[in-house]
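Dear colleague,

Here is the structure I promised to pass on to you. Please keep it open beside this message while you read, as the notes below go through it place by place.

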Amino acid sequence: MNRNDKLPDAMTDSSTCPVCGTPLARGSRRRICPTCQLCVTLAGWANWEHAKAQRAEQAVKEGLSHMRIREAEQDFAANDSATALAALARELRDDPSNQVAAARLVSALTERNFPLPTSPLVRHVYGLDDDPWGPPGWPIAIRAAEFSPDGRLVLTASEDNTVRIYDARTLQPCTQPLKHSSRVVSARFGPDSSQVLTVAEDGAAAIWESEDDLTGQALRKPLTQVEKINHAEFSPDGRWVLTASDDQTARLWDAHTGQPTGRCLKHRMGVEQAKFSPDGRFILTFVHWDYGSPEDASLSEAERNQRLAERVTLWDVATSLPLSHPSAWQDARTIEFSPDGQRVLVVGAWAVSGVFDTLAGDPIQGFEVPPHHGHDRFFAKLSPDGQRFVTVAEDATARLWDARTGKALTEPLQHDQEVACAEFSPDGLRLVTVTEDSIARVWDAVTGDLLSEPVRSDYCGHAHFSPDGERLLVAGWASIQVWDIRPGSAVIESVPGIGRSSPTGRFSPTQADVMLANPRDGQCQTWKVREMRPLSDPFGYAKCVLRNNGLFAYERIAHFSLDGRLVFTIEGNLVGIWDAHTGEPKQGAVQLEGVSDPVQSPPRMGPPEDPLRFLFSPDGSAIYAADGAELKIWDTRTGRIRVRAPLHPRDRFTVAEVSPDGNLLAMKGGGESFRVWDAQTGKLAAEPYGYDGGSLLYRTWPSPDGAPQPFVSDQMVVSGRFSPDGKRLVITHADGSAWIWDARTGRVLTKLLKHGKRANTARFSSDGKYVLTASDDKTARVWDSHTGEPLMPALKHQSAVEAAEFSRDGRRIVTAAKDHTVRLWDARTGLALSEPRRHQGRLGGVEFSPDGSWVYLHARSGGCWDTAPVPSSAPAWLPELAEALAGHQLTRRRTSEPVPEGSLLRLKEELAMQPGDDYHSCWVRWFFADRSTRTISPHSAVAMETKKRRDSNSSPLG
């Protein structure tokens, strides 16, 4: 019982204790006996201590959770998304209401490119009938795997002496295994995908074909030579098969009949490898020479030199005659032809030897041999387009080089472990690398940037692009799987019509997905953001606004009314009022009194004047501008001047800000001065601002006529913004300081808000409790607007933060940095809610839609970013999906364990058709939808195909 609880009246009249029944002394004012009173007091204290302990425990839990979320953010920054996803999923499992963890997970999965499996993981294991090769269930090593040229099929060559053919979409077998009597060392499709050429360890080679593109009963047509065949490949046109044999010959065979053509390329030693040039004109052969063998020791020096000189031979296919034995090629491990066959990349055992002319055998002029970056397991490969080549060594890097100059194209592609192999996409613009820790990564072969999240597989050994470059075949030690590697991140949609000269746009104050765009042709238009379709017809007077040409210049602006039904425009000296939904004029054009037409004004000599900056009142009924030494206020509907007020001639003032209630104007002078005027009368609203604590930061100048003057700072004023109630004003300065003032009295209300460098912007939250500042010191900060105290750790970027805004509900913050990144933050904790989202061009600002579902980026390539807030409760499958993408999960004790095999594909099948219209159901359907046909973001209705078609039809902006 709490000591403050009121006892019933029946109890207070009793002469005994109502709790224990003990008689009370007559005349006593006690309601209960002392013992019970003590018990009540102790119980109340215990309850208070318990509640205090609970609050402390909750605070500790929240602090620990925040620390772990920040650690996950560091993992994201280090490109270790697997660790970050698993950590966030654990936080969400421990507390499904952790909205920050849920929002960060959804953002990571939305903004990052995660490859998705398109087929199940297929393992190769021995069956009951495979005993002599291995016990049942034992894994079978895969020695080779590739897509067919048409992308419909996949083949594997395994150590159980078989080649298997699969459907590339489902990885279901298309034929019975193609069997040899020994292990298959190579297998490859013919150019038309209807044939397969195989070579086994015992030297047997065969062409396998069927009447129905390898889907019926396969027939075996063996290719035999006197001794074993070491290598075989199809000619580029598919007419011939070239084999290299220990019988000291390379031979040509008819690919359709399997019969020898009689064309034989003779050598003095066994031929190890033979390959066609891409145009089919040349053949390169490598002979086998066992250095240090007894046979080698028995040769004379002249014979040894002659054999060395003939180790690599270039042949003419038409005549079957040798063309040359280039001496610089004799130590080559591999030789790669350029696409036109005119050049070859020669790769030695530990380094690239150079690029050479194919016929002459001479090095290409201007090519610099790349420096060594490792010796063991050195590997190099030329891109299919012949523009670049990649080298791989044991230094855990892959390096991209220009194939014509030998110069590095990018920084080394860093990996955590040694790179096992690398392969270019068919167009040569991407590169896949596979490391010893079984991770495949896809890179941009031009810039060296990672293009997607890593693909993790079981004992990943090599990876191959599909012919269209959209899928990746990942082959492990005993398994294969196909992944969709098309871009999977959401796209920021550009608002059509936003132009170069006037990149302006703003949301309707009342409709969440309605936006006003002011394009370069002078015509305004309202748009439905979700469908990105026009809501109104274009409207405006299309007045030509000339700048920097000797004429007066006027700023073109557009402004919504408070109810969102009207749009007010100023173009040149004309004011228009329009219906926001139809674009129809509500009245004829009105000319502003005392403002000349910039088109009709005669040109003048000398530098151009600064543009006249107009500002609308919040309800659109008035227009403000500082015209020379005067403040002018016009009536929007008539164009007549309501108020004219003199300004100090020594400062060139502009109207910087109108208070939300429309009563005050903040006027910025020539750099250091700032003052507030009454918006109704045009009179000075407050005494000059100055710090009353004796600081020299602000000072006032004496006035000859005794009139108050604007306060002047030792540092330039950057910006000013009113509080929502219009009673306070926050002003930022170039020295990083910001002050909160009483807008009517000029009195400082809080202590100094201080950044390390220039403070670019400051914004009040919608309830006026907080102030958000953005600075060149690479941070944004949230302050208590009544005390000036910082409320959370700084919101950090990698470069100067140029803009920051609160959402209207005050729960989120958006920041924009100079490095073209935009980011969302939780306004309560300062934790990141999104990826650093990149955009094109420098930003002029950012703006939330009324419901926070969109953020508009004010830039030349300005667009709308889908930022719909994540609900407070996450479904159980969200952490499970994150763990499946990460490949591992964390237990309650924070130990890592692998997720069950096939979890991601199972979730894809279960969730791709998730019913319901709630946030998470819509989002997960979008996540697993076909990436070529789905919408550009989870809550947009614009299809990816529509955007691509629109982008291809639009001219680039300069």
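Before the notes begin, one definition is needed: helices and strands here are DSSP runs, of at least four residues for a helix and at least two for a strand, and they are numbered from the N terminus. With that numbering, Trp138 lies in the loop between β2 (122-123) and β3 (142-147). Please bear in mind throughout that this is a predicted model.

As for the chain as a whole, it has ten helices and 67 strands, and of its 958 residues, 53% are buried. The area that the chain exposes is about 42,900 Å², and carbon and sulfur atoms supply 50% of that area. If one takes the contacts between residues at least 6 apart in sequence, 46% of them join residues at least 24 apart.

On the surface, Trp138 comes up again, since together with Tyr459 and Trp477 this residue makes a nonpolar patch of about 400 Å².

The next item is a sheet. Four strands form an open, antiparallel sheet, and their order is β11-β12-β13-β14. The edges are taken by β11 (229-234) and β14 (260-266), and because each of these has a single partner strand, one side of each is left without a neighbour in the sheet. From one strand to the next, the twist averages 20°. As a reminder, strands of a sheet pair through backbone hydrogen bonds, either parallel or antiparallel.

Within this sheet, β11 deserves some detail. Its antiparallel pairing with β12 (residues 240-245) runs over five bridges, and Phe234 has Val241 of β12 as its bridge partner. The two strands β11 and β12 form a hairpin with five residues between them, and in the turn Gly238 has a positive phi of about 80°. Although β11 is an edge strand, five of its six residues are buried, so that the strand is mostly covered.

Two polar side chains drew my attention as well. Gln481 belongs to strand β32 (residues 479-484), and with a relative accessible area of 10% it counts as buried, because the cut-off is under 20%. Once neighbours within four places in sequence are left aside, Gln481 is in contact with Pro117, Ser119, Pro120, Leu121, Leu171, Leu472, Leu473 and Val474. The C-alpha atoms of Gln481 and Thr118 are separated by 7.9 Å, while the two residues are 363 residues apart along the chain.

His839, for its part, is placed in the loop between β62 (837-838) and β63 (843-848), and it is likewise buried, with a relative accessible area of 10%. Not counting residues up to four places away in sequence, His839 touches His820, Thr821, Val822 and Leu857.

Finally, there are two residues other than glycine whose phi is positive. Met532, with phi near 45°, is found in the loop between β36 (525-528) and β37 (533-534), and its relative accessible area of 4% makes it buried. Arg894, with phi near 65°, sits in the loop between β66 (888-890) and β67 (896-898). Is Arg894 buried or partly exposed? At 26% relative accessibility, Arg894 counts as partly exposed, because that class lies between the limits of 20% and 50%.

With best regards

How values were computed:
Residues are numbered from 1 along each chain as its sequence is written. This is a predicted model: local features need pLDDT of at least 70, side-chain atom pairs count only at pLDDT 80 or more; totals for chains, interfaces and linings use all residues. Side-chain values use heavy atoms; hydrogens and water are left out. Patches are made of residues with over 30% relative accessible area and no salt bridge: like charges are joined within 9 Å, nonpolar side chains (Val, Leu, Ile, Met, Phe, Trp, Tyr) within 5 Å. Accessible areas come from the Shrake-Rupley method with a 1.4 Å probe; for residues, only the protein chains shown count as cover. A salt bridge is a side-chain nitrogen of Lys or Arg within 4 Å of a carboxyl oxygen of Asp or Glu. Two strands pair if DSSP finds at least two bridges between them. Axes are lines fitted to C-alpha atoms, for helices over the stretch in contact, and angles run from 0 to 180 degrees between N-to-C directions. Buried means under 20% relative accessible area, exposed over 50%, partly exposed in between (1.4 Å probe, protein chains only). Contact means heavy atoms within 4.5 Å.
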